[in-house]
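Student: I have just opened a protein structure and would like to learn how to read it. Could you walk me through it step by step?

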Amino acid sequence: MSEVRYPTTQSQAVWGQRRAGGTDVMDRLRHGRIAGALVDLRDVAGMEGLVVLPDGSVEVGTKVTLARFATDAKVRAGWPGLADAVGGLATPQIRQVATIGGSLLQRTRCAWFRSPDFSCHKSGGSGCPALAADHHWNSIFGAGPCVAPHPSTLAVALLAFDALILADGRGTLTVPELYGDGQAADREHTLTDEQLLVGVRLPPPLPGAVSGWLRTAARARAEWPLVEAVIRLVPGGMRVAVGGVAPVPMRFLAVEAALEAGEGVGAAAQAVAGAASNPGSSYKVMLLQRTIETLLERLLTPQKAAP
Ligand SMILES: Cc1cc2nc3c(=O)[nH]c(=O)nc-3n(C[C@H](O)[C@H](O)[C@H](O)COP(=O)(O)OP(=O)(O)OC[C@H]3O[C@@H](n4cnc5c(N)ncnc54)[C@H](O)[C@@H]3O)c2cc1C
């Protein structure tokens, strides 16, 4: 798998702040949120393969673009909910350059964090202006101090398929291990500056599984979601993963248990237990339930054969 794996002899050459596709990091550079040299991963060999392993799993290098990943025939056939989610995020232009690693490690989209005019827990200060402003983007789960929702659609989709993250210096991580509680002051993940994300591994598709992705957003394109869900339905392996509601991608175990018990669309009602919010984001509680319900309706309705 040399196309995917990282040649470890290069390790020290890529420590620090990296640029992959550059769509997130250059924005932060422009706004004065980071300074100093960037290591361009395009100059580093390897990590650009998309390889099917003998057991049917797939390894994808960190430098693979989102466009290539979402349109790959093997990915579309084996993990349709994942391909739909990645193929629908941002814009075609961004997907053309953005990478697997950059997508997973992009920083929070919170406007207060991104603005050089504010200071917060994530930008070297303390407190959370988004919380004080009672903003409509805020999370509805999690104790803070940062209330910005996790930004990566890909991470939500990988969570729904039990994917593993391959990281030089850390080995193999689950999605929850990659992100921890999302509350570190200078990053949303648990990798250190010395650790490089080299790729992801998708376990073999489960026979009979159906999957899909649905988001509710303020506009159809070029926008992060208010709430988005990726669901896989298969007895013994139900997965309901949601973004836009917490500082990390979130699995809804109670919904999954209700689906395992045969509950159907009504299982979505289990999602809202424990949700808490300020008035500005309280609409997300209803949106969360409706997003899961609508996606379940679609996935549970047998597809009509084309005429
Ligand atoms: C209008 C708009 C709408 C968008 N909507 C969405 C959306 O709905 N969902 C979504 O998920 N994203 C969305 N995005 C964000 C976009 O997907 C990200 O900017 C992109 O995925 C980042 O990938 P990149 O390769 O350009 O990362 P870069 O900007 O190059 O890097 C991002 C970060 O990751 C680090 N990094 C990158 N690769 C590695 C590695 N291998 N190891 C260690 N660190 C690494 C870099 O140091 C940097 O800090 C949107 C962007 C825009 C502009």
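**Reading the strands, a helix and the domains**

Tutor: Gladly! Let us begin with a pair of strands: β8, residues 210-216, pairs with β9 in the antiparallel sense, over 7 bridges. Please keep in mind that this is a predicted model.

Student: Which residue of β9 is the bridge partner of Ser211?

Tutor: That partner is Arg232.

Student: How many bridges join β9 to β10?

Tutor: There are 5 bridges between β9 and strand β10, residues 239-243, and these two strands run antiparallel. One place to look is Val230, which stands opposite Ala241 in β10. Between β9 and β10 lie 5 residues, and the two strands form a hairpin. In the turn you will find Gly236, with a positive phi of about 85 degrees.

Student: How do I judge whether a strand such as β9 is covered?

Tutor: Count neighbours: a residue is called buried if 20 or more other C-beta atoms lie within 10 Å of its own. For β9, residues 227-233, 7 of its 7 residues are buried. Then take the two faces in turn. On one side are Val227, Ala229, Ile231 and Leu233, on the other Glu228, Val230 and Arg232, and both faces are covered.

Student: Is Trp213 buried or exposed?

Tutor: Trp213, found in strand β8, has 24 other C-beta atoms within 10 Å, so it is buried.

Student: Which residues is Trp213 in contact with, leaving aside its neighbours within four places in sequence?

Tutor: Trp213 is in contact with Gly81, Asp84, Ala85, Gly88, Ala157, Glu228 and Val230. For another kind of reading, compare sequence with space: Trp213 and Gly262 are 49 residues apart in sequence, and their C-alpha atoms are 21 Å apart.

Student: Now a helix, please. What span should α12 have, and what does the model show?

Tutor: A helix can be checked by its rise of 1.5 Å a residue. The 18 residues of α12, residues 283-300, should therefore span 26 Å, and the end C-alpha atoms are indeed 26 Å apart.

Student: Which residues of α12 are buried?

Tutor: They are Lys284, Leu288, Thr291, Ile292, Leu295 and Leu296. Look down the axis of α12 and these buried residues fall within an arc of 125 degrees, so they line one face of the helix. The buried residues of α12 pack against β8, β9, β10 and α11 (253-260).

Student: Why is β7 described as largely enclosed?

Tutor: Because 6 of the 7 residues of β7, residues 196-202, are buried, the strand is largely enclosed by the rest of the structure. Its partners include β4, residues 58-61, joined to β7 by 4 bridges and running antiparallel. Here Val60 stands opposite Val200. Strand β5, residues 164-168, also pairs with β7 in the antiparallel sense, over 5 bridges, and Leu166 has Gly199 as its bridge partner.

Student: How is the protein divided into domains?

Tutor: Domain 1 covers 8-123 + 151-202, and domain 2 covers 210-300. Taken over C-alpha atoms, the centres of the two domains are separated by 23 Å. Their contact takes 23 residues from domain 1 and 18 residues from domain 2.

Student: Which helices supply at least two residues each to the side of domain 1 that touches domain 2?

Tutor: Those are α4 (80-88), α9 (153-160) and α10 (175-179). By residue type, that side of domain 1 divides into 14 nonpolar, 6 polar and 3 charged residues.

Technical notes: Residues numbered from 1 in each chain as written. Predicted model: local features only at pLDDT ≥ 70, side-chain atom pairs only at ≥ 80, totals over all residues. Buried ≥ 20, exposed ≤ 12 C-beta atoms within 10 Å, placed from the backbone. Pairing = 2+ DSSP bridges. Expected span 1.5 Å × (residues − 1). Arc of directions from axis to C-beta. Contact = placed C-beta atoms within 7 Å. Domains from an automatic or database assignment. Nonpolar A, V, L, I, M, F, W, Y, C, P; charged D, E, K, R; others polar.
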